[in-house]
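Reader: Please walk me through this structure. I am new to it, so keep it brisk.

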Amino acid sequence: IKAGADEDLLSYYIGPRSDVLYELRILNQEQRLGAAKLAAEKRIEVAEAHDIAKAIQDFSRLSQIPSEFTRHPGDAIAYQCWKRGKQKRDLAERAKLIAKGLKFAHSDSARQAIESLLQDFTVTPSRSAPLLPVHRLQDEDELARIIPLVGRFPVTVTDIKCTESLSVEEPFRLVTVGDKQTIVPLPGWQAILKAIDPVAILWPSDQLPRSIATRSEEVLLVIDRVFAEWDVNNYYLVERDNSVSLQWFDSPPDVTILGQLVLILRAKNILDEKNITEPWQMDD
């Protein structure tokens with residue numbers, strides 16, 4: 001109605017023929033009107049209407065149509081018959097597609113293209129579209145978590161408190177960040193996913209409470225700012241003398257706790273970084 005269909009066409013699709021019109025729902029309004037006119041003209045049944053709608057939709061997606069065909073819905077169906085007919089070795093199947101193409105062809109050039117298949121028996125091999133590269137996240141450690149970076153040691157109490165938390169949008173863990181905020185992606189390990197208000201800090205290993213390496217290296221501290229109550233089993237980021245440090249306490253401390261240590265991440269240690277992006281190779 002909105003596309004300006006005439007009364008005869010509207011009357012045709014009232015009642016039993018509404019099922020044919022229903023099959024054209026995948027088309028846009030302009031395409032649907034043209035397909036509806038064609039289906040009424042050719043007295044198309046519901047079983048064939050679905051294939052016609054699909055042929056018109058696929059034809060509309062072509063970036064460039066062959067010169068023999070026009071954008072008319074009849075030519076769209078004729079094109080599909082012409083294309084599929086060239087791929088058939090079986091003469092009976094080829095003949096059925098030629099007959100169907102001639103039934104729907106609107107332009108003379110489209111009709112001539114279909115008729116050419118009666119003399120040209122060259123078979124054009126069909127090409128199947130490649131499979132879509134679909135993957136599904138299976139394990140929690142595949143769900144990366146983005147954490148705001150406070151900065152590099154030394155940092156101030158203000159730096160810790162003023163670093164904004166990030167909101168995560170499931171199921172793909174989308175994160176919106178500000179223009180000047182630095183973030184760091186971490187694997188979805190259980191400790192990382194359980195953290196409520198985590199921030200990260202770049203920290204020299206020789207400034208840790210205990211040694212973790214023979215040489216000094218920069219590591220990444222993940223601190224959960226929610227946990228500010230002392231527990232003997234955890235390390236804490238604390239404020240002492242207007243500076244920030246990481247410490248363990250065997251009894252309740254008399255300093256301000258800024259957060260609990262979640263983990264310390266060391267930098268990757270890969271001898272040949274390019275090797276992980278290449279297929280496995282076997283040496284003789």
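**Questions and answers**

Author: Thr-156 sits in the loop between strand 1 (145-152) and helix 8 (157-162). Helices (H or I, at least four residues) and strands (E, at least two) are DSSP runs, numbered from the N terminus. This is a predicted model, where local features need pLDDT of at least 70, side-chain atom pairs count only at pLDDT 80 or more, and totals for chains, interfaces and linings use all residues. Residues are numbered from 1 along each chain as its sequence is written, and side-chain values use heavy atoms, with hydrogens and water left out.

Reader: Is Thr-156 buried, partly exposed or exposed?

Author: Buried means under 20% relative accessible area, exposed over 50%, partly exposed in between (1.4 Å probe, protein chains only). Thr-156 has 37% relative accessibility, so Thr-156 is partly exposed.

Reader: How far apart in space are Thr-156 and Arg-210, C-alpha to C-alpha?

Author: In sequence, Thr-156 and Arg-210 are 54 residues apart. In space, C-alpha to C-alpha, the separation is 22 Å.

Reader: Which residues does the cis peptide bond join?

Author: Most peptide bonds are trans. Here one bond has omega of about 0°. Pro-154, in the loop between strand 1 and helix 8, is one partner. The cis bond joins Phe-153 and Pro-154.

Reader: What is the phi of Arg-43?

Author: Arg-43 lies in the loop between helix 3 and helix 4. Most residues other than glycine have a negative phi. Arg-43 is not glycine, yet its phi is positive, near 55°.

Reader: Is Arg-43 buried or exposed?

Author: The relative accessible area of Arg-43 is 51%. Arg-43 is therefore exposed.

Reader: What separates the C-alpha atoms of Arg-43 and Arg-17?

Author: Along the chain, Arg-43 and Arg-17 are 26 residues apart. Their C-alpha atoms are separated by 9.7 Å.

Reader: Which residues touch the most other members of the largest nonpolar core?

Author: A nonpolar core is a set of buried Ala, Val, Leu, Ile, Met, Phe, Trp, Tyr and Cys residues joined through side-chain atoms within 4.5 Å. The largest has 34 residues. Those touching the most other members are Leu-9, Tyr-13, Ile-56, Phe-69, Ile-77 and Trp-82.

Reader: Which helices each supply at least two residues of this core?

Author: The contributors are spread over several helices. They are helix 1 (7-12), helix 3 (29-41), helix 4 (46-60), helix 5 (73-86), helix 6 (91-104) and helix 7 (108-115).

Reader: How many residues are in the second, separate core?

Author: Its members include Val-199, Leu-221, Val-244 and Leu-246. The count is 16 residues.

Reader: How are helix 4 and helix 5 oriented to each other?

Author: Their axes (lines fitted to C-alpha atoms, for helices over the stretch in contact, with angles from 0 to 180 degrees between N-to-C directions) come within 9 Å and cross at roughly 90°. Angles under 35 degrees count as roughly parallel, over 145 as roughly antiparallel, 65 to 115 as roughly perpendicular and the rest as oblique. Helix 4 and helix 5 are therefore roughly perpendicular.

Reader: And how is helix 6 oriented to helix 7?

Author: The axes of helix 6 and helix 7 come within 9 Å and cross at roughly 170°. So helix 6 and helix 7 are roughly antiparallel.

Reader: How many disulfides does the structure hold?

Author: A disulfide is a pair of cysteine sulfur atoms within 2.5 Å. Cys-81 is buried, at 4% relative accessible area, and Cys-162 is exposed, at 55%. The number of disulfides is zero.
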